[in-house]
Amino acid sequence: MTFPAMPAAVLQFFRASQEGDAATWAASFTEDGVFHDPIGTPPLTGRPAIHDFIASVLPNFHPFLGLTPVEAHTVGHHVAVSWRGAAVALDGRPVNWSGINLYELDEETGLIREARAYFNSAVFRAQLAD
């Protein structure tokens with residue numbers, strides 16, 4: 001699938017998710033970036049916290065196939081992207097989920113200042129429950 005056109009940092013966010021690269025994924029954010037993953041949970045603040053969260057999630061899957069953007073809409077320094085996620089749990093069960101992310105980019109660096117993920121985490125967790 002070809003990715004829709006997106007600003008470089010948002011493209012990096014999605015590509016790093018598919019590569020399972022926590023460092024590059026976190027590097028798509030400013031040093032003091034904020035990630036609401038998902039909205040309704042306490043936000044992750046700062047690149048180290050974002051990295052540590054991502055790095056803690058990835059080992060629970062083999063493979064973590066990542067997030068694939070479906071549509072992207074950019075207006076100035078704001079981007080909305082609908083996406084689909086896929087992974088395989090360690091016990092072999094497929095896990096699929098989807099959502100919409102809203103990004104606010106830093107005007108100087110072009111990096112993600114704030115990302116808000118909208119998806120139903122209960123659907124995600126239910127696929128992992130015994």
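Accessible areas come from the Shrake-Rupley method with a 1.4 Å probe; for residues, only the protein chains shown count as cover. The model is predicted: local features need pLDDT of at least 70, side-chain atom pairs count only at pLDDT 80 or more, and totals for chains, interfaces and linings use all residues. Numbering runs from 1 along each chain as its sequence is written, and side-chain values use heavy atoms, without hydrogens or water.

**Exercise 1.** State the exposed area of the protein chain and the share from carbon and sulfur atoms.

*Solution.* The exposed area is about 6,800 Å². Carbon and sulfur atoms supply 57% of that area. Of the 130 residues, 38% are buried (under 20% relative accessible area, 1.4 Å probe, protein chains only).

**Exercise 2.** Give the order of helices and strands along the protein chain.

*Solution.* Helices are DSSP runs of H or I, at least four residues; strands are runs of E, at least two; both are numbered from the N terminus. Count them: four helices and six strands. Read along the sequence, the pattern is α-α-β-β-α-β-β-β-β-α.

**Exercise 3.** Place Glu-114 and list its side-chain polar contacts.

*Solution.* Start with the element: Glu-114 lies in strand E6, residues 112-118. Next, burial: Glu-114 is buried, with a relative accessible area of 17%. Then apply the polar contact test: a pair of N or O atoms within 3.5 Å, where within protein one must be able to donate a hydrogen and the other to accept it, and residues adjacent in sequence count only if both atoms are side-chain atoms. The side chain of Glu-114 meets that of His-36 at 2.6 Å and that of Arg-116 at 3.3 Å.

Terms used: Buried < 20%, exposed > 50% of the residue type's maximum accessible area, 1.4 Å probe, protein only.
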